[in-house]
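Subject: A structure for you to look at

Hi there,

Here is the structure I promised to pass on. Have a look at it first, and my notes follow below.

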Amino acid sequence: TLNLISTHPSTMRTVALVLALIAGATAFTPARQSAWVSTRAAPARGMVSMMAKKSVADLSPAELKGKKVLVRCDLNVPLDGKTITDDTRIRASVPTLKYLLDAGAKVAACSHLGRPKDGPEDKFSLAPCAERMSEYIGSEVKLAGDCIGDETKAMIDGMDEGQLIILENTRFYKEEEKNEAGFVEKLAAPFDLFVNDAFGTAHRAHASTEGVTKFLSPSVSGFLLAKELEFLDGAISDGEKPLAAIVGGSKVSSKITVLEALIKKCDKVVIGGGMVFTFLAARGMATGSSLVEEDFIETAKAAEKLAKDNNCELILPSDIVIADKFAADANTKVVKADAIPDGWMGLDNGPEATKEIVEALKSCKTVVWNGPMGVFEFEAFAAGTFDVAKCLADITSSGTCTIIGGGDSVAAVEKAGLADKMSHISTGGGASLELLEGKVLPGVAALDEA
């Protein structure tokens, strides 16, 4: 008989991860499943990096039953007063929590929300998150009034197997961001083990992301964090070639380190957004009143040289949509990239540029996108971004691995209605960038080796 599923540990871990994501997805009431927890398989070659750290898939139900588990989630959702305006991050945390609950663990989720300044502030309470989480878990999720202290410990000790509570905002204590040892010990004290599923804060060495690993063993990744590493780190370090990156955004200064890292690893790099004009200025072209960072013109020249030295095709737009002011109702026209008149500013790629980018991406097997092509919030300057999103959706259906690396790119594909067509949408902004740069993320480094 054929052995249809390999019993090799790495294969079993992958199967468990996918099954947990599928199981968790059934708890989601919204009709459209979020691509943040897409069950689409990653390319096999990208598995290596994820397997470097243990995940919840390595822990059997027997190892979890009756155990008190601290889970660092990312519940930092946008609020309008007490109303959650986008619960994607809550939904993204469900698969890991469901897996633990179904195994009979006693689970307490912790998270920050917003930027409280001096202790507890009601507007930053996680109460709305606990209420919304109850809907997805299918049972009441109580909110502890604090994240440390005797009352919180008593609440945790009194939990039933398969019960979930949420601890109050960890950033109500300044010691959280300082990773202060005494606070860390109090936070970890009631628990048997730790699961980090908050990729969005994995680049921070805070008490709830890194500190608690010194007191809790095992300390493992959740399914969402493991999936982020699998796609983002796996794509860059071992993704199928040709590999392309699309780097947009307004400023060279904020993206130069990730840009340099990607140039060294990619076959093609597409540059979009406001930083195009610093590159055009570096080539000696007139840029009108477009955004140009004069201090980074030499940096742009160096990036072009780096691309040439690394045999990486650097793609800049050949035509530009320009406007006479930065406004939705501005007068617009399309000009060649080297013909931007005085008093006009570039706010999007032109149609020829988009055609060239689409053509360049068609042959790629792995594409990472971070940053929009233009000011997509204004309809007049959205075509460049949305057409690239459509291109990525099309090539994904043909087998290309497409990764949306956080930030405005996520908002763009969501607005285009194409989020569920991508291979993976990252939950991290700064964390995504740092991982693409090749940096070590403290919240990941602290976890147990596989």
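Which element gives the most to the lining of the largest pocket? That is strand β14, with 5 residues. Before the rest of the pockets, please keep in mind that this is a predicted model, and that the values below are computed from it.

**The chain as a whole**

The protein chain has 450 residues, and 57% of them count as buried. Its secondary structure comprises 17 helices and 17 strands. If you take the contacts between residues at least 6 apart in sequence, 74% of them join residues at least 24 apart. The chain exposes about 18,300 Å², of which carbon and sulfur atoms supply 51%.

**The largest pocket**

Back to the pocket I opened with. Its volume is about 480 Å³, and among its 32 lining residues, Gly249, Ser250, Gly273, Gly274 and Pro372 are the closest to the centre. Besides β14 (345–349), the elements that each supply at least two lining residues are α10 (252–265), α11 (276–282) and α15 (408–415). By class, the lining of the largest pocket has 12 nonpolar, 16 polar and 4 charged residues.

**The second largest pocket**

The second largest pocket holds about 320 Å³ of space. Of the 17 residues that line it, Asn76, His112, Arg115, Arg171 and Gly200 lie nearest its centre. You may like the make-up of this lining: 11 polar residues, 6 charged ones and no nonpolar ones.

**The cavity**

How many cavities of 30 Å³ or more does the structure hold? There is 1, with a volume of about 40 Å³. Cys73, Asp74, Arg89, Ala92, Ser93, Asp197, Leu224 and Thr427 line this cavity. Helix α4 (residues 88–102) contributes the largest share of that lining, 3 residues. Sorted by class, the cavity lining comes to 3 nonpolar, 2 polar and 3 charged residues.

**Strand β7 and its partners**

In a sheet, strands pair through backbone hydrogen bonds, in either a parallel or an antiparallel sense. Strand β7 (residues 193–196) is a nice place to look at this. On one side of the story is strand β1 (residues 68–72), which pairs with β7 in the parallel sense over 4 bridges; here Leu70 has Phe194 as its bridge partner. Strand β8 (residues 219–221) also pairs with β7 in the parallel sense, over 3 bridges, and Val195 stands opposite Val220 there.

Where do the side chains of β7 point? Leu193 and Val195 point one way, while Phe194 and Asn196 point the other way. This fits the general pattern, because side chains in a regular strand alternate between the two faces of the sheet. In β7, the residues pointing either way are all buried.

**The sheet of six**

There is also an open sheet of 6 strands with parallel pairing, in the order β11-β10-β9-β15-β16-β17. Its edge strands are β11 (313–315) and β17 (424–425), each of which pairs on one side only. Within the sheet, β15 (residues 366–370) and β16 (residues 401–404) run parallel and are joined by 4 bridges. If you want a spot to zoom in on, Thr366 stands opposite Cys401 in β16.

Do write back with any questions once you have had a look.

Best wishes

Conventions
Residues numbered from 1 in each chain as written. Predicted model: local features only at pLDDT ≥ 70, side-chain atom pairs only at ≥ 80, totals over all residues. Heavy atoms only, no water. Buried < 20%, exposed > 50% of the residue type's maximum accessible area, 1.4 Å probe, protein only. Contact = heavy atoms within 4.5 Å. Areas by Shrake-Rupley, 256 points an atom, 1.4 Å probe, with all protein chains shown as cover. 1 Å grid on protein atoms, 1.4 Å probe; cavity = no way out; pocket = protein on both sides within 12 Å on 5 of 7 lines; lining within 4 Å. Points joined across faces, edges and corners; volume = space filled by probe spheres on them. Nonpolar A, V, L, I, M, F, W, Y, C, P; charged D, E, K, R; others polar. Pairing = 2+ DSSP bridges.
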